[in-house]
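Visitor: I'd like to learn how to read a model like this one, feature by feature. Could you put it up and walk me through it?

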Amino acid sequence: MRRERREQLQTGLMLTPSVLLLGLFILLPLCVVFAYSFALRDPYGAVLPGFTLDNYRELVQGVYLRVLMNSFTLAAWTTALCLLIGYPVAYFIAFKAGRAAPALLLLLLIPFWINFLIRISAWVVLLGRGGLINKALVLSGVIDEPIGMLGTVGATLVGMVYAFLPLAVFPIYAALTPIDRRLMEAGADLGAGPAETFARVTLPLSLPGVLAAALFVFVPSMGVFAIPVLLGGGKDIILGNLIVQLFLEFRNIPVGAAVAILLLVFSGLGILLYMRALRRVEAMK
Amino acid sequence: MLVPIVVLIAFAFNAGKSTVVWTGFSFRWFEKVVSNRNILDALQVSLIVALASAAVSTAIGSVAAVAITRRSFPGRDLLGAALAAPLVLPEIVLGVALLVFMSFAGMILGYTTLIIGHVLVSIPFATLIVRAAASSLDPRLENAAADLGANEWQTFRMVTLPQLMPSIFTAFILSATLSFDNLVMSTFTSGVGTTTLPLRIYSMLKLGITPEINALGALMVLANVTILLLVMGRYLPLMLKTNRR
């Protein structure tokens with residue numbers, strides 16, 4: 001009996017720091033933000049207690065609505081491109097690379113170890129008016145004179161895909177490797193061509209990985225703020241920029257809090273969708 | 001994936017002021033970086049925050065991981081999921097939440113807030129790494145130690161802990177790296193005089209790119225590769241040792 005009590009006490013002590021950390025610095029702050037998103041604001045930017053839906057109402061108006069659409073479009077394009085590029089890469093590493101596979105995986109991991117800003121600044125140089133890409137295009141005769149690529153949506157997209165591609169490749173790779181090759185051979189034996197085998201055997205089996213990849217890319221790409229500023233010239237503001245501006249520059253905390261809650265809801269929806277789709281895929285098997 | 005990095009490093013050695021036109025080989029931009037007061041100050045802040053937050057994160061994460069895998073208590077699955085939650089919550093939301101909460105609680109932004117923020121970012125990784133290792137431990141080893149007369153604390157210190165050491169070390173290094181590279185959380189939790197290196201680079205980049213940034217980038221790549229090799233060098237023998245049991 002005494003031993004049991006002591007063990008309980010010990011367990012309690014072991015849990016205290018993590019529970020305190022989560023409660024005090026995640027749960028409680030999120031509650032404060034939630035409360036602030038309904039708060040009033042005096043003309044000088046101070047938060048006044050009260051309850052209003054105005055902050056959310058402001059979000060569905062002109063400027064903010066465009067920001068929402070921008071973020072959504074950018075995140076959707078980033079996710080689509082990452083999956084389109086990431087799937088063949090993962091497929092190649094899983095089935096065709098053979099002994100080179102570990103080296104290729106390591107090569108994909110290295111950029112993770114290099115500061116994100118340094119990676120993005122490398123693209124600022126490459127895409128610049130006098131940068132290598134422009135020079136190559138002029139030399140090869142595709143274009144007559146350098147074109148301005150920086151400051152366009154395309155440049156932002158390049159940076160986003162470059163930053164998030166590894167996050168798409170790894171889950172797909174992890175879903176592809178355990179697939180029993182005999183299943184693919186069976187498909188071929190039953191008279192299916194390579195395309196049909198892929199569409200009816202390999203792709204369905206790897207869907208959980210594809211879904212995870214989509215989640216891993218979509219959620220963080222909604223909250224990015226540095227890439228659109230550095231590569232897109234800060235013209236197309238997305239949710240991440242909006243939060244930074246509202247909190248640190250305009251000091252409009254109630255509306256900022258509403259944006260943060262909205263982003264949180266979006267991410268939650270993304271996770272829910274992912275789990276539902278995953279269950280459906282599992283049920284299909 | 002690597003071409004942009006290689007080009008960046010190459011132009012760090014450019015003699016001219018341009019990051020696109022090659023005018024000759026020189027180390028002048030490296031000299032400029034190591035004599036830039038702002039960069040050195042930011043480096044110092046980043047190192048302090050990285051080491052402190054990694055230590056806190058690894059300590060809290062390891063204790064929680066051992067408790068979750070070894071003890072049964074109500075809400076065990078919930079705690080496990082909650083500790084992994086920052087992985088799927090947008091970091092920017094955690095950042096503003098912390099900022100709002102700190103100003104609500106009257107705390108001044110500085111080292112403490114930075115370290116707390118970075119701990120939130122790295123704790124899911126630290127916990128998951130140590131949890132994976134703790135759940136694959138062989139309980140018979142601990143039973144054997146108890147049979148041989150070791151008390152609970154001796155068993156933990158001499159049998160359990162040494163087996164967990166490689167993963168705790170990995171968790172520490174990964175946490176420190178995540179902290180050192182962090183921009184989003186730092187944007188909201190750093191105060192006057194505690195500008196971290198990524199924040200400094202970001203504000204330099206907004207003004208336009210110079211070979212100085214290339215040189216700084218090249219130095220950071222070098223540092224990262226060195227750490228990676230050191231970790232590999234230390235981690236691999238440890239891994240082999242634990243696998244041989």
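Visitor: Let's start with a single residue. Which residues does A:Ile172 touch, leaving out those up to four places away in sequence?

Guide: This is a predicted model, so keep that in mind throughout. A:Ile172 touches A:Gly86, A:Tyr87 and A:Ala90. A:Ile172 also touches A:Ser206, A:Gly209, A:Val210 and A:Ala213.

Visitor: What is the wider setting?

Guide: The general idea is that in soluble globular proteins, nonpolar side chains tend to be buried together. Here the largest nonpolar core has 135 residues. A:Ile172 is among those with the most contacts inside this core, along with A:Ile243, A:Val259, A:Ala260 and B:Val96. Helix H7 of chain A, residues 153-176, supplies the largest share of the core, 14 residues.

Visitor: A:Gly86 was in that contact list. Where does the kink in H3(A) lie?

Guide: At A:Gly86, with an angle of about 25°. The proline A:Pro88 comes shortly after that kink.

Visitor: How do I judge the length of H3(A), and what separation do its end C-alpha atoms have?

Guide: Multiply out the rise: at 1.5 Å a residue, the 35 residues of H3(A), 62-96, should span 51 Å. The end C-alpha atoms are 50 Å apart, so the two values agree. After the helix comes A:Gly98, which has a positive phi near 60°.

Visitor: How far does H1(A) reach from its first C-alpha to its last?

Guide: H1(A), residues 2-36, reaches 48 Å, close to the 51 Å expected for its 35 residues. H1(A) bends by about 40° at A:Thr16. A proline, A:Pro17, follows within four residues.

Visitor: Which residues of H1(A) are buried?

Guide: First the general idea: an α-helix has 3.6 residues a turn, so residues three or four places apart point the same way. Now the case at hand: the buried residues of H1(A) include A:Ser18, A:Leu21, A:Leu22, A:Phe25 and A:Ile26. Further along, A:Pro29, A:Leu30, A:Val33 and A:Tyr36 are buried as well.

Visitor: What is B:Ile60 in contact with, beyond its neighbours within four places in sequence?

Guide: B:Ile60, which lies in helix H3 of chain B, is in contact with A:Pro17, A:Ser18 and A:Leu21, plus B:Ile123 from its own chain. B:Ile60 has 22 other C-beta atoms within 10 Å, so B:Ile60 counts as buried. For a sense of distance, the C-alpha atoms of B:Ile60 and B:Asp41 are 29 Å apart, with their positions 19 residues apart along the chain.

Visitor: Then how many residues of each chain take part in the contact between A and B?

Guide: 52 residues of chain B are in contact with 55 of chain A. Among the elements giving two or more residues on the chain B side are helices H1, H3, H4 and H6 of chain B. H5(B) gives the most, with 11 residues. By type, that side of chain B divides into 44 nonpolar, 4 polar and 4 charged residues.

Visitor: How many helices and strands does chain B have?

Guide: 11 helices and 0 strands. Of its 245 residues, 40% are buried. Counting contacts with a separation of 6 or more, 78% link residues 24 or more positions apart.

Visitor: Let me try a charged one. Is B:Glu212 buried or exposed?

Guide: B:Glu212 is buried, because 20 other C-beta atoms lie within 10 Å. This residue sits in helix H11 of chain B. Beyond its neighbours within four places in sequence, B:Glu212 is in contact with B:Trp29, B:Lys32 and B:Val33.

Visitor: And is B:Pro74 buried or exposed?

Guide: Exposed, because B:Pro74 has 7 C-beta neighbours inside 10 Å. B:Pro74 is placed in the loop between H3 and H4 of chain B.

Visitor: Last topic, confidence. Where is it lowest and highest in chain B?

Guide: As a rule, where pLDDT is low, the predicted coordinates should not be read in detail. In chain B, H11(B) is lowest with a mean of 72, and H3(B) is highest at 91. Chain B averages 83, and 90% of its residues score at least 70. Chain A also averages 83, with 98% of residues scoring at least 70. Among the elements of chain A, strand E2 has the lowest mean, 73, and H3(A) the highest, 89. The model as a whole scores ipTM 0.80 and pTM 0.83.

Conventions
Residues numbered from 1 in each chain as written. Chains lettered and ligands numbered in written order. Predicted model: local features only at pLDDT ≥ 70, side-chain atom pairs only at ≥ 80, totals over all residues. Expected span 1.5 Å × (residues − 1). Bend = angle between axes of the 7 residues up to and from the residue. Core = buried A, V, L, I, M, F, W, Y, C linked by C-beta atoms within 7 Å. Buried ≥ 20, exposed ≤ 12 C-beta atoms within 10 Å, placed from the backbone. Contact = placed C-beta atoms within 7 Å. Nonpolar A, V, L, I, M, F, W, Y, C, P; charged D, E, K, R; others polar. pLDDT = per-residue confidence, 0-100.
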